[in-house]
Amino acid sequence: MKKTIYLVEDDEDIRDMLGLILNRSYHVVPCENLKEFNTQMNQSLPDLVIMDIMLPDGNGDEAGLALQHNAVTKDIPVLFMSANMRFELANPLNKHSFIGKPFDIKFFQQKVNHMISLQ
Amino acid sequence: MPGQNLKSAGKFPDILKLAVLSAIVESSEDAIISKDLNGNITSWNNGAQRIFEYAAEEVLGKHISILIPNELLSEEEHIIKSIRAGKRVDHFKTVRVTKSGRRLHISLTISPVKDADGNIVGASKIARDISRDILRENQILQYTRRLEMLNAVSSEISGLLDEHSILQPVTDATTKITGAAFGAFFYNAINEEGESYLLYTISGAPKEAFEKLGAPRNTPLFHTTFAGLGVVRVADVTKDPRYGHIPPHYGMPEGHLPVVSYLAVPVKSVSGNVIGGLFFGHPEAGVFTEEHEDMVSIIASQASVALENCRLFAEVKKLSDKKDEFIALASHELKTPLTTISGYLQVLQQQIADDTAKTFLDKSLRQVHKLNELVTDMFDVSKIEAGKLVLDFELFDIKDLLLEVIETYRFSAKSHTVYFEAEGTGFAVEADRQRIEQVIQNLITNAIKYSPAADEVFVKLKTGTGEVTVMVKDEGIGLGAAEQKKIFSRFYRVEGNRNISGLGLGLYLSNEIIKRHNGKMYVKSEIGKGAEFYFTFPSKKRPA
């Protein structure tokens with residue numbers, strides 16, 4: 001069974017592009033915003049979350065922190081991505097699971113594979 | 001001087017000499033008194049009568065202490081002691097009391113009086129009234145102190161850029177200078193929404209004393225000040241015809257500080273608008289003088305310049321913040337489409353086998369990469385300008401980093417070979433890895449860019465006592481001395497190379513990054529002989 005990734009990204013083209021890259025190996029569930037993401041989370045838990053930071057209905061960084069502080073979700077890895085700088089992350093520990101836009105897709109794939117394999 | 005007159009009296013016979021002497025004593029402006037060794041007064045001239053108000057017959061035989069204020073009685077002991085020892089007391093400045101109890105500042109000269117055998121039998125005392133001198137001295141002193149205060153307050157406020165820290169020292173200083181019991185500075189400020197609001201500072205009274213009262217209302221008395229019509233100075237405000245007829249308070253509201261003497265000075269902006277006023281009060285009548293008025297007016301005009309400066313500063317800062325906000329937003333928005341473009345180009349690059357098409361894709365991707373770097377630089381500059389560039393220090397091996405960066409040029413820069421050499425041992429540094437990488441990349445990219453005719457770039461790493469140095473040397477067009485000075489400034493680009501692209505931000509950013517690492521960046525170059533850029537920074541992060 002393919003592992004599941006929740007992809008939270010408000011830009012449709014980036015969502016499609018990342019879907020295209022990841023679809024072969026993973027089951028990708030695209031979420032336009034945090035509301036959709038939370039609905040998904042309430043249904044089932046993914047193996048990895050890819051989280052944009054500036055989202056129309058909130059801050060992905062804070063949403064990621066909330067996952068880490070929740071006993072049920074704390075072990076789900078979160079890969080943050082943003083066109084903003086890594087130092088704008090609320091939790092400096094997250095810098096190792098951060099990728100700046102735009103990115104090298106090979107590097108991106110490696111990162112995703114690595115984080116999921118640690119699961 | 002009596003002494004000189006005595007000498008010129010030398011040609012008179014003795015009897016005449018005595019007469020001359022006594023005439024001189026009698027006509028002297030100064031008090032000339034003699035006393036015996038017990039301190040009893042034995043002679044008293046006209047001058048003494050005029051200064052101390054006692055007639056001779058009232059004081060002859062009395063003890064000299066009738067002239068001495070209680071707290072200074074011990075002075076007499078010292079004086080008599082000196083006289084007994086045959087010593088003179090010269091120009092001794094002290095205070096004495098007159099018959100009517102007035103205190104006088106006087107200067108005393110006391111000499112021993114000897115009998116025919118040379119025994120000391122008493123003292124002669126010349127007292128000069130120096131009250132006026134003292135008064136003048138005090139005036140000068142006071143004037144100097146006021147000037148000093150004026151100077152201190154103006155230098156204190158001229159460097160300040162927020163309103164409250166200007167208003168307070170101005171209120172304090174002016175209250176002190178005028179001798180007011182309480183002073184207040186009411187100032188109209190405009191908030192970000194463009195609404196005006198009242199700021200005020202108080203000196204000499206608790207804030208609550210004013211809080212109950214609200215702002216000074218636009219009554220006829222306050223109107224003069226807030227309309228900028230001039231200074232209002234009233235010796236007794238309760239006697240002013242304008243006072244006591246204005247509803248709702250009909251005079252000072254209950255709980256008002258007891259104001260009798262009143263002084264109000266408008267504070268006008270440079271453009272002539274009234275921006276506020278300084279108000280002073282005192283419970284006694286007639287406290288404020290014209291001089292106070294002048295002093296406060298001077299301070300008021302300086303305060304208005306300082307307030308104007310802080311308004312301008314706030315405006316500039318607001319605009320600059322808006323600019324930074326805009327750049328941050330713009331760079332974020334530009335990077336979103338770049339992410340998609342770069343992503344799909346990379347996907348295509350993996351899928352397309354045709355060589356020509358692959359070349360086109362490579363070129364396109366390189367341009368996307370460049371575009372992304374420009375956007376990032378723009379964003380970094382705005383962060384640096386706003387003082388918000390945050391460094392993320394970590395421990396890493398700088399030699400590994402250099403090798404990694406140089407490796408990437410093997411593929412991307414086929415025109416040049418980048419040589420590397422490391423000197424010393426222990427290449428661990430505590431720094432922002434990504435930022436240092438950015439600096440190294442910038443220097444190598446520049447070295448290649450500005451040496452189109454050459455094919456080699458040399459990178460050298462050196463470690464020394466607690467610091468590391470990285471050098472990047474090229475064999476390119478080089479820089480003149482004047483250019484070397486400007487090379488690290490923002491938007492500066494080497495002249496005459498219009499066909500070499502760039503925003504002129506790279507070296508500015510690199511230099512700022514190295515500065516933030518407590519390091520320094522240098523350039524050595526000669527026109528036509530290549531350039532060597534190098535930077536040094538402590539290998540251990542220094543506590544801020």
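**Exercise 1. The fold of chain A**

What share of the contacts in chain A with a separation of 6 or more comes from residues 24 or more positions apart? Work this out for the predicted model, and set the result beside the order of secondary structure elements and the extent of burial in chain A.

*Solution.* Begin with the elements: chain A holds 4 helices and 7 strands, and read from the N terminus they follow the order β-α-β-α-β-β-β-α-β-β-α. Next, take the contacts with a separation of 6 or more, of which 59% are made by residues 24 or more positions apart. Finally, turn to burial, where the cut-off is a relative accessible area under 20%; buried residues make up 53% of the 119 residues in chain A.

**Exercise 2. A cis peptide bond in chain A**

Find the residues that a cis peptide bond joins in chain A, and place the proline among the secondary structure elements.

*Solution.* The bond in question joins A:Lys101 and A:Pro102, with an omega of about -10°. As for its setting, A:Pro102 belongs to the loop that runs between strand E7 (98-100) and helix H4 (105-117) of chain A.

**Exercise 3. The interface of chain B and chain A**

Describe the contact between chain B and chain A by its residues, its buried area and its polar pairs, and then state which elements of chain B supply it.

*Solution.* First count the participants, which are 21 residues from chain B and 23 residues from chain A. The two chains bury about 2,100 Å² between them, and 61% of this area is on carbon and sulfur atoms. For the polar part, the count is 3 residue pairs in polar contact between chain B and chain A, both residues being at pLDDT 80 or more, while the rule for salt bridges finds 0 across the interface. On the side of chain B that touches chain A, the elements giving two or more residues are helix H10 (290-351), helix H11 (355-385) and helix H13 (433-449) of chain B. Of these, H10(B) provides the largest share, 12 residues. Sorted by character, the residues on this side of chain B are 5 nonpolar, 11 polar and 5 charged.

**Exercise 4. A hairpin in chain B**

Trace the pairing of strand E16 with strand E17 in chain B, and sort the residues of E16(B) by the face on which they lie.

*Solution.* Strand E16 (residues 520-525) and strand E17 (residues 531-538) of chain B pair in the antiparallel sense over 6 bridges, and one of the bridge partners is B:Phe533 in E17(B), which is matched with B:Val523. The two strands form a hairpin with 5 residues between them, and B:Gly528 in the turn has a positive phi of about 80°. The covered face of E16(B) consists of B:Met521, B:Val523 and B:Ser525, whereas B:Lys520, B:Tyr522 and B:Lys524 make up the uncovered face.

**Exercise 5. Three residues of chain B**

Decide whether B:Glu53, B:His91 and B:Phe379 are buried, partly exposed or exposed, and locate each residue in chain B.

*Solution.* B:Glu53 is in the loop between helix H3 (46-52) and helix H4 (56-59) of chain B, and its phi is positive, near 75°, although the residue is not a glycine. Because its relative accessibility is 26%, B:Glu53 counts as partly exposed. B:His91 is placed in strand E3 (residues 89-97) of chain B and likewise is a residue other than glycine with a positive phi, here near 40°. With a relative accessible area of 59%, B:His91 is exposed. B:Phe379, in helix H11 of chain B, has a relative accessible area of 1% and is therefore buried. The C-alpha atoms of B:Phe379 and B:Ile327 are 6.2 Å apart in space, with 52 residues of separation in sequence.

Technical notes:
Residues numbered from 1 in each chain as written. Chains lettered and ligands numbered in written order. Predicted model: local features only at pLDDT ≥ 70, side-chain atom pairs only at ≥ 80, totals over all residues. Heavy atoms only, no water. Buried area = accessible area lost by both parts, 1.4 Å probe. Salt bridge = Lys/Arg side-chain N within 4 Å of Asp/Glu carboxyl O. Polar contact = N/O pair within 3.5 Å; in protein donor to acceptor, adjacent residues only side chain to side chain. Nonpolar A, V, L, I, M, F, W, Y, C, P; charged D, E, K, R; others polar. Buried < 20%, exposed > 50% of the residue type's maximum accessible area, 1.4 Å probe, protein only. Pairing = 2+ DSSP bridges. Contact = heavy atoms within 4.5 Å.
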